[in-house]
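Visitor: I should like to understand how the descriptive terms applied to a protein model are justified.
Guide: Let us then take the terms in turn and set each value against its definition.

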Amino acid sequence: LVTLHDRLQRRFHIEYLVLMSLRRKLVQRLKKLLKALSSAHIGNERHALIPSRRGGAKLAELRQQRHGHIVHAIIIQILEHIRRTALAASGQLAKIRVSEGGGIYVLVIGESHNRDYMSAYGYAKENTPWLSQMKNKENCILFTRGCSCHTQTIPALSCALTAKNQYNGAQLSEAVSVLEAAEAAGYETAWLSNQVKYGMWDTPVSVIASSAKQQVWLNECTGNTSFTSVYDGELVSALGKIKIKNKMLIVVHLMGSHIDYDRRCPKEYAKFGTETDEAAYCNSVLYTDAVLKGIYEKVSSLPDFKAMLYFSDHASVPKQKLDHDSARFVSSMTHIPMFVCFSKKYAAAQSEKVAQLRRAADSCFTNDLIFNLQLALMGIEIPLLYEKENDLASKAYNADPDRFRTSYGERKIDKR
């Protein structure tokens, strides 16, 4: 093991020197990265390099020797550098227009959240008490026909968080992200996550997140795992770790209802039992409702709060034990919840925009258009990229159900 580790160290050192000669700025980032990763560990023993029989202290030391997280970290830094270079050269953000006077906007991303299993949408079990109450308030709009553009996280969020969607044919490598657009418009950006940062399941999303000025990653696990050492409720407390500014976009990424469902909430939220996948899933939905309540109460108390938008990457189907396996596709895998809550000041100042969104509450929508909606809420318009037919806040929004697709255009959405 020591010999293998030394070889890896030497190999990485050589690659490091090569990168230094090629990318001076990139290497400066890598130095900081190496320091930050020196204390990284694997949170799940199943993914440790060797088993735990060597003892806790020794295992902790050996976990630090695992090099996979370093590889993923380098990939993220390189891809983020390439993206920024390409974006600067494209000039897409050169003529950006901002009609709003700043404020704090919050974008919350759920995980595997299915509206078919939420009481706010008519499900029999009362598992969304907060949202069921909020949806009837004047400052909240619940969208009833939201669908995901894919049943997997990476394909879904790669579009939801960038200017690429199923309807415009844009290349992902050249697509502006919502964070990049916000930054260009003068907004401070922050990303808080309870998902894995370094892993092949998560790297593309981490590349998008890496442009945020402030970042808080609660999940210390690495590799292809859904394990997390803390529950999503810790994200509410983590909001206190970021420096709040009066012109800001805060993105919060939940672990939500990711399989295994029974690992997603504290025991006190096991209201529906644990005997079946559906019961465990309903418990996770109940807990997510409490987390969303906590996030909303925290951010809405900020003096410059304007709006909070929530959507899920895709849904999961626990009853038939299908989860979100695209090879066994059913429409319910795309049935995502979505809502937006405004401050009273925002609702008054942007009454026409809020009225339009309320009229569109029952319109079809796919989450690859979240980029367009988030920018519309913030009053950001990019002339080279603006698509009025895909802007839910515009009177010109094309709500024709027949045009909407999922699975990257391969399937028509369920119009329910």
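**Terms and their grounds**

Visitor: Why is Gln214 called buried?
Guide: Gln214 has a relative accessible area of 14%. Buried means under 20% relative accessible area, exposed means over 50%, and partly exposed lies in between, with a 1.4 Å probe and protein chains only. Gln214 is therefore classed as buried. Gln214 is found in strand β6 (residues 214-217); strands (E, at least two residues) and helices (H or I, at least four residues) are DSSP runs, numbered from the N terminus.

Visitor: What is the basis of the model and its numbering?
Guide: The model is predicted: local features need pLDDT of at least 70, side-chain atom pairs count only at pLDDT 80 or more, and totals for chains, interfaces and linings use all residues. Residues are numbered from 1 along each chain as its sequence is written, and side-chain values use heavy atoms, with hydrogens and water left out.

Visitor: Which residues does Gln214 touch?
Guide: Not counting residues up to four places away in sequence, Gln214 touches Glu188, Thr189, Ala190, Trp191, Ile242, Lys243 and Met248. Contact means heavy atoms within 4.5 Å.

Visitor: What makes Asn219 a buried residue?
Guide: Its relative accessible area is 4%, so Asn219 meets the criterion for buried. Asn219 is found in the loop between β6 and α9 (234-238). A polar atom of the Asn219 side chain lies 3.3 Å from the backbone oxygen of Asn194. A polar contact is a pair of N or O atoms within 3.5 Å; within protein, one must be able to donate a hydrogen and the other to accept it, and residues adjacent in sequence count only if both atoms are side-chain atoms. Apart from neighbours within four places in sequence, the contacts of Asn219 include Ser193, Asn194 and Met255.

Visitor: Why does His150 count as buried?
Guide: The relative accessibility of His150 is 15%, and His150 is therefore counted as buried. His150 is found in the loop between β4 (146-147) and α6 (153-160). The His150 side chain reaches the backbone nitrogen of Gln152 at 3.1 Å. Leaving aside neighbours within four places in sequence, His150 is in contact with several residues, among them Asp313, His314 and Tyr408. The C-alpha atoms of His150 and Asp368 are separated by 8.9 Å, although these residues are 218 residues apart along the chain.

Visitor: How do you know that strand β8 is largely enclosed by the rest of the structure?
Guide: Eight of the eight residues of β8 (residues 305-312) are buried, so the strand is largely enclosed by the rest of the structure.

Visitor: What makes β8 a paired strand, and which strands are its partners?
Guide: Two strands pair if DSSP finds at least two bridges between them. Strand β2 (residues 103-110) and β8 are joined in the parallel sense over seven bridges, with Val106 having Met308 as its bridge partner in β8. Strand β9 (residues 338-342) runs antiparallel to β8, and five bridges join them; here Phe311 stands opposite Met338 in β9.

Visitor: How do you know that helix α13 is mostly covered?
Guide: Nine of the nine residues of α13 (residues 370-378) are buried. They include Phe371, Asn372, Leu375 and Ala376. Just after α13, Gly379 takes a positive phi of about 70°.

Visitor: What makes a space in the model a cavity, and how many are found?
Guide: On a 1 Å grid over the protein atoms alone, a cavity is a set of points where a 1.4 Å probe fits but cannot get out. Grid points are joined across faces, edges and corners, and a volume is the space filled by probe spheres set on the points. A search of the whole structure finds two cavities of 30 Å³ or more, and the largest has a volume of about 100 Å³.

Visitor: Which residues line the largest cavity?
Guide: Lining residues have an atom within 4 Å of a point; among them are Ala163, Phe371, Asn372, Leu375, Ala376 and Asp391. The largest share, four residues, comes from α13.

Visitor: What is notable about Lys321 and the bond from Ile259 to Asp260?
Guide: Most residues other than glycine have a negative phi, and most peptide bonds are trans. Phi of Lys321 is near 55°, a positive value, whereas the peptide bond from Ile259 to Asp260 is cis, with omega near 0°.

Definitions and conventions. 1 Å grid on protein atoms, 1.4 Å probe; cavity = no way out; pocket = protein on both sides within 12 Å on 5 of 7 lines; lining within 4 Å.
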